[in-house]
Amino acid sequence: MSDLRNTAADPGGGAAAVNKRRFLIRMITVLIGGMFLDGYILGIIGPLSSTIAEDLQLSSLMEGLIAAAALIGIFVGAPIGGWVTDRLGRKPVFMFDIALFTVASGLQFFVDSPGLLLAIRLLMGIAIGIEYGVGWPMLAEFSPTHLRGRLLGGMTIAWYSGFMVAFLFGYLLINNTDLSWQFILGTSTFLAAALFLGRIGLPESPRWLWSVGRRDEARALADKYMPDDTLADLEHEDVLKGTFGMLFSKQHWRATVFTSGFWFCAVTPYFAIATFAASVLETYGLDDPLAGGVGLSALATAGVVATVLLIDKLGRRALTIPPQWLCAAVLAVIGLWTGAPPAVVLTLFLVFSFFNAGYNTLTGVYPGEVFPTEIRGAGTGFAAAVSRVGAALGTFLLPISIETLGTGPTMLIAAVVAAAGAGLSQWLAPETKGMSLTEAAAVYSH
């Protein structure tokens with residue numbers, strides 16, 4: 001909080017500083033709340049999957065599709081949402097998205113068939129994708145330079161916290177109450193409605209307004225809402241109409257390849273293991289898969305918190321590259337050591353969960369920094385879409401792979417994916433610590 005006070009301070013103090021501080025806190029709250037909701041929606045399906053499968057008489061194919069439906073929806077929603085937010089502005093997309101969240105969440109109360117559940121989860125995934133395309137860019141554009149890494153990383157803390165809370169909440173409710181699985185899935189509606197109310201009245205991004213040539217509006221909103229250290233940088237923004245094709249231009253292809261490839265390799269093994277944590281750990285002989293699953297989520301959350309605390313001190317590359325090589329090695333050991341004691345396997349999974357979540361934090365930081373304002377939404381959305389191809393494949397294929405290939409080979413495949421991400425990051429990951437958004441976005445273009 002002291003950092004926010006210092007950020008909002010102005011030479012004269014008084015009402016202007018207080019209003020800027022209150023606005024920044026509100027913006028952070030509703031954006032972090034949105035990311036918590038994303039994690040909650042994706043995490044709640046895991047502990048309910050067996051009950052849903054039994055109640056709706058799902059085949060293994062349909063069970064995998066429903067588990068992956070939200071991830072497939074993100075693949076659709078993220079690039080579309082990012083493109084639209086660059087074309088129409090952050091504010092209208094920001095509000096439409098949370099309205100869609102609320103409606104789709106509410107529909108879960110009335111599910112009575114596999115097809116309807118699949119459609120609703122797909123719709124919710126589209127809403128999550130849109131949130132990725134607008135939430136991270138909006139927070140990046142309002143954040144002060146010295147706090148930007150921590151604030152963007154804080155979004156990932158919220159995501160992992162939401163996933164962990166949903167896993168535990170869903171497990172406890174389905175096993176200790178008479179509540180239906182439809183009601184438990186629908187609990188996301190209450191949070192979505194609260195966030196919708198909290199977002200009403202928030203302003204457009206001054207950086208976006210400047211990028212489309214609306215300079216007077218941009219200056220007025222910047223003076224009212226933005227931290228003082230970002231005002232001068234605002235005027236270095238280009239007035240340039242962004243297009244989706246610019247993501248693959250000579251100037252920006254490196255940013256596109258790095259953010260999308262890094263994100264893909266970071267989330268693919270995580271989603272596969274975390275979604276089916278209880279069943280994966282059970283195959284290794286662990287007596288309490290719930291405790292192991294919650295432990296994985298808790299260590300993941302701790303890994304994100306540690307990264308957020310260090311990101312503006314150690315920099316981006318130090319927290320991106322070494323942890324990926326470590327996770328690749330850990331997964332390889334799990335895959336090769338088929339006779340390892342259960343306690344050792346759990347320890348290795350916990351180590352993986354901690355460090356994988358740590359570098360996953362950077363997947364939400366880099367896109368907001370390395371893409372310029374005119375394609376920041378499209379770039380973030382495209383990277384999120386590519387990553388969700390990996391997440392959906394991992395979630396869908398993991399139970400099939402374990403059944404056909406075995407757990408060991410499945411973990412070795414995950415190790416190869418993690419190593420590929422490490423190699424890509426070794427090659428392309430930039431260092432953007434301490435840079436303004438304009439400077440950070442110019443790293444690849446120069």
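1. A quick definition before the patch comes up: helices here are DSSP runs (H or I) of at least four residues, numbered from the N terminus. With that in hand, helix H4 covers 60–88 and helix H18 covers 373–404, and each of them supplies at least two residues of a nonpolar surface patch.

2. Keep in mind that this is a predicted model. The mean pLDDT of the protein chain is 84, with 89% of its residues at 70 or more. Among the elements, helix H16 (residues 316–336) has the highest mean pLDDT, 94, while helix H1 (residues 2–8) sits at the bottom with 51. Residues 8–12 fall below 50, and that stretch has eight contacts in the model beyond near neighbours in sequence. Where pLDDT is low, the predicted coordinates should not be read in detail.

3. On the overall make-up: the protein chain has 20 helices and zero strands. It runs to 446 residues, and 59% of them count as buried. Of the contacts with a separation of 6 or more, 84% are between residues 24 or more positions apart.

4. The accessible surface of the protein chain is about 16,400 Å², and carbon and sulfur atoms hold 67% of that.

5. Back to the patch. Its members are Phe75, Val76, Ile80, Val389, Leu393, Leu397 and Ile400, together giving about 550 Å² of accessible area. H18 brings the largest share, four residues.

6. Which helix holds phenylalanine 75, and is this residue buried or exposed? Phenylalanine 75 lies in helix H4. Its relative accessible area is 41%, so it counts as partly exposed, the class between under 20% (buried) and over 50% (exposed).

Key:
Residues are numbered from 1 along each chain as its sequence is written. This is a predicted model: local features need pLDDT of at least 70, side-chain atom pairs count only at pLDDT 80 or more; totals for chains, interfaces and linings use all residues. Side-chain values use heavy atoms; hydrogens and water are left out. Buried means under 20% relative accessible area, exposed over 50%, partly exposed in between (1.4 Å probe, protein chains only). Contact means heavy atoms within 4.5 Å. Accessible areas come from the Shrake-Rupley method with a 1.4 Å probe; for residues, only the protein chains shown count as cover. Patches are made of residues with over 30% relative accessible area and no salt bridge: like charges are joined within 9 Å, nonpolar side chains (Val, Leu, Ile, Met, Phe, Trp, Tyr) within 5 Å. A salt bridge is a side-chain nitrogen of Lys or Arg within 4 Å of a carboxyl oxygen of Asp or Glu. pLDDT is the predictor's confidence in each residue, from 0 to 100.
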